[in-house]
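Got the viewer open? Here is a walk through the model, one selection after another.

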Amino acid sequence: MNLTKQLLMSLALVLPVAAAAQSISQSQIEQFKSMPRAQQEALARQYGVDLDSIAGSAGQQSQRPQNVNVVEPVDAISDEERELVRQEQDNEKEQDRKNGGLKPFGYDLFVGSPTTFAPVTEIPIPNDYTLGPGDVLRVQLWGKENQQLELPISRDGTVSFPQSGPQTVAGLTFDQARQQIKNRVSEQYIGVQASVSLGELRSMRVFVLGEARNAGSYTVSSLSTMTNALYVSGGIKRTGSLRNIQHKRDGKLIGELDLYDLLLAGDTSDDNRLQPGDVIFIPPVGNRVGIDGEVYRPALYELKNNTNLQELVNLAGGLTPQAYPQLVRIERNNDDFLRIIAEANLTTQKGKQARVKPGDRIEVASISDITGQYVEVKGAATRPGRYAWVPGMRVSSVIRSLDSDLLQEADKRYAAIVRTDPETDTVSVINLRLRQALNNPGGESDFRLQEKDQFLIFADEGKVSAKTRDQNDMSDDGNRNRPRTGERVSDETGTDRSLEGDEENYSRLSREVLFAPVLQRLKAQARPGSPQQTIQVTGPVRYPGEYPLPASGRVADAIYVAGGLKDSASLYTAELARFSVDEEGTGKTNVQNLDLKSVMKGEASVTLQSRDRLLIKSIPEFAQAKTVELDGEVRYPGEYTIRDGETLREVLRRAGGLTANAFPKGAIFTREKLRQLEAQRLREAEERLQSDLVGVQLEGNDFGGQNAERTEQVQELLEEVQDSKPLGRMVIDLAAVVENRDYQPIRLQDGDTLTVPTIPQAVSVFGEVQFPTSHLHTEGLTVDDYLERSGGPTRQADEERVYVVKADGSVMLPEKSRWFGGRSQQLAPGDTIIVPIDVDRLNQLELWSNVSQIVYQMALGAAAVGNL
């Protein structure tokens, strides 16, 4: 209660003053407003305070400039803007590709722009900060009188000090204003001291123009600098300059910012503080040069004034320990707009002072590229790249372990060493039995290495396929992260080391891909008297294809390079096709038959030559199991493997024959080749119907609407054809097959199926009848009787073409049968009556008659069989 009285007393004292309402702190007013209304009125009457004045002062206190979100939240970005961003990213990637992968330096500073902007206020206020309307001064009085005052600077640039009247502070620095207020308090209040600080800061409007990502007007804090405004605007486009950002005020240039000073040296001395109405202008980017190779920051750099080669290298972070400063390649355009290459030596003063020109591309060479003191590992290795070469080193010096140095999917039996002759600059290939070399270090297979030798480690496609199938169940053995002893010269950044079972990635480690540049080199260096050293191996080997000619010339070595023989390879015969030139200078091909078994054992002497083609033959019908399926009423149904020429009677005998409930007349025998033929006929019929349907639709509707009716009927027929599935059924007399030895033998083929149904009791009626259904077979009933039981034909039925599909799949035409007695012929169980549509009612579509026969023989016939 005492605190409330003190509050009201202070209010009573200051409210009579003209601007006293502005001297009451917000916390005091909020404390008074939190009291009940009745208590507020009572205390106000007691001390003579106007409640409306207090409310008005609260309203004046709350009228502060609000922070504005100058960047839209991500959720508010439209699809069109997202598409523009995506297009801009694609354009930047295309530009990077044209620049050889080099990106402009410095633009990543503004990656990830904020979704909202909060003014920077939680920092110490500098003494030279200039006050203006909207800022708030906090004054604390202590001594004889204790009081906390918040004095907003009004639009006329003044603050209303209690009992002293207004005081002008706008335009003064914070240090000047603080000193003035202290002097005023000491003069007007005896025994009172003052401490002055800044409270809330004003917001101000500035402009970011030019090559900004989001050029426009922005509301920022009064403490904001040029970099703050650049960040709020989304940064600078790649087309904008980072080295000449202009700060303008009232149309005059008052400062320039070079972001390279900030990025490379952390220098913010030119990052001027902004004032209301200031303009930040970003001009187009200046001249650029690219630097690549053995520097720490390969990129495109913007030039400023005259830049020499040493200054450019410094911009790029300097040279790496692997750099060869005596050879720096400079690629530039000459006066005739032709691309030329020059060289500079950074170890000399002249090379350091060499001027770089716009558009130059500088590349600092590597020591390994110059000296050649390395061997290189490519392919399915855990750590591919270049390694230091020393005289006397062997294969086991580079590849020490098959488990830790090779990928799990690597072919650990075979590798290749590509060697370059330093005198003739020609390449040769040494075939390496990798496992033997590592199992016997220093042995015959552990070859000595020479400078610039290349190891080609291939992927084992069998392991890759197995890993691809079981990718979700297999785990990495962790070998790729094991430390390696020995000096690493350089790193192959272009090699993918994160191959995690993707067969498409492993295809890049195949023999075909890794050998491709070697084969191209071997072919290019061929000349008269020195033919190209390549051969081809085809047939049942693990990796058929084109390979370098083995140095030994042995057929066994060529087959070893191709991965070895498959189990389907025939050891009795092989073919060697050889290209030669006769005495008249005409090329010809000779074919030689080989006893492969003797050749592999070394008993036969055959030496391979240039361009030889070795054909390994397969064992005829190797592991080609042919099967037929017996189902239904067979004593031992199942899938049976058949021999060549075996008949259906013989297989049925192996299956134990038919059961007592078997219905041989309704047996369904299908063949895959017939099914494929029927599928082709259905596709042809569908294409014809679609063509005729278009023709009927183009005729338009006539007066009676007949064309519309025909179109609907054609559409129905087309849908029936599309829904029909080919069966590949062949009509056979199974009873004769089993009992009559004189019946034509049915030679079985791979994929044949025989389904023997049980004895049926029904006769089915399908097609254009009132109620298509099945009826219990009754002795003595004819076709017409069953049609009558199904309600008779419909209006669209073709009564003259009614036919019967017998249980064995054969078709009978009752009207034309001599021995059936017309439609009075009695039917047997399992028979199906088909009433087709009257296709003659649809003019210009004569082929529908054939189509309807296909549809009803397959679709409806299949339905009849399913009813057995």
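**Stop one: the cores**

Start by selecting Ile362. Setting aside its neighbours within four places in sequence, Ile362 is in contact with Gly290, Ile291, Asp292, Leu309, Leu312, Val328, Arg329, Ile330 and Val356. Now bring up Leu230, Ile236, Ile245, Ile291, Tyr301 and Leu312 as well: together with Ile362, these touch the most other members of the largest nonpolar core, which has 41 residues. There is also a second, separate core, made of 34 residues, and Val418, Val429, Ala569 and Leu614 are among them.

**Zoom out for a moment**

Before going further, keep in mind that this is a predicted model. Show the whole chain and you have 24 helices and 36 strands to look at. What share of the 868 residues is buried? Buried residues make up 42% of them. Of the contacts in the chain with a separation of 6 or more, 65% are between residues 24 or more positions apart.

Next, colour by confidence. The average pLDDT over the chain is 78, and 76% of the residues score at least 70. Confidence is highest in strand β10 (residues 279-282), with a mean of 95, and lowest in strand β21 (residues 488-491), with a mean of 40. Select residues 9-23 too: the pLDDT there is below 50, and this stretch has 26 contacts in the model beyond near neighbours in sequence. Residues 474-504 also have a pLDDT below 50, with 69 contacts counted in that way.

**Stop two: a strand with two partners**

Select strand β24, residues 569-581. Its pairing with strand β25 (residues 587-594) is antiparallel and has eight bridges. To see one place where they face each other, pick Ser580, which stands opposite Lys588 in β25. Five residues lie between the two strands of this hairpin, and among the hairpin's residues Gly585 takes a positive phi near 85°.

Strand β24 also runs antiparallel to strand β26 (residues 613-618), joined to it by five bridges. Here the pair to click on is Ala577 and, opposite it in β26, Arg613.

**Stop three: a mixed sheet**

Now look for an open sheet of five strands. Follow the order β28-β27-β31-β29-β30, and note that the pairing is mixed. Which strands are at the edges? They are β28 (638-642) and β30 (729-730), each of which pairs on one side only.

Inside that order, select β27 (residues 626-632) and β31 (residues 753-756): they run parallel and are joined by four bridges. Gly632 is a good residue to label, since it stands opposite Val756 in β31.

**Stop four: a kinked helix**

Select helix α16, residues 511-524. With 14 residues at 1.5 Å a residue, α16 should span 20 Å, and its end C-alpha atoms are indeed 20 Å apart. Look along it for a kink of about 35°, centred on Pro517. Which residues of α16 are buried? Show Arg511, Leu514, Phe515, Val518, Leu519 and Leu522. For the spacing, remember that an α-helix has 3.6 residues a turn, so residues three or four places apart point the same way.

**Stop five: two glycines**

Is Gly240 buried or exposed? Gly240 is buried, with a relative accessible area of 0%. You will find Gly240 in the loop between α7 (226-232) and β8 (245-249). Leaving out residues up to four places away in sequence, Gly240 touches Tyr107, Glu211, Ile282, Pro283, Pro284 and Val285. Try a distance on one of these: Gly240 and Tyr107 are 133 residues apart along the chain, and their C-alpha atoms are separated by 9.6 Å.

Then move to Gly293, in strand β11 (residues 288-293). Gly293 is partly exposed, at a relative accessible area of 28%. Beyond residues up to four places away in sequence, Gly293 touches Pro298, Glu363 and Val364. Its C-alpha atom is separated by 7.3 Å from that of Ser366, 73 residues apart along the chain.

**Last stop: two positive phi values**

Most residues other than glycine have a negative phi. Phe337, however, has a positive phi near 60°. Find Phe337 in the loop between β13 (323-333) and β14 (339-344); at 74% relative accessibility, Phe337 counts as exposed. Finish on Asp425, also with a positive phi near 60°, in the loop between β18 (410-420) and β19 (427-433).

Definitions and conventions
Residues are numbered from 1 along each chain as its sequence is written. This is a predicted model: local features need pLDDT of at least 70, side-chain atom pairs count only at pLDDT 80 or more; totals for chains, interfaces and linings use all residues. Side-chain values use heavy atoms; hydrogens and water are left out. pLDDT is the predictor's confidence in each residue, from 0 to 100. Contact means heavy atoms within 4.5 Å. Two strands pair if DSSP finds at least two bridges between them. A nonpolar core is a set of buried Ala, Val, Leu, Ile, Met, Phe, Trp, Tyr and Cys residues joined through side-chain atoms within 4.5 Å. Buried means under 20% relative accessible area, exposed over 50%, partly exposed in between (1.4 Å probe, protein chains only). The expected span of a helix is 1.5 Å times one less than its number of residues. The bend at a residue is the angle between axes fitted to the seven residues ending there and the seven starting there.
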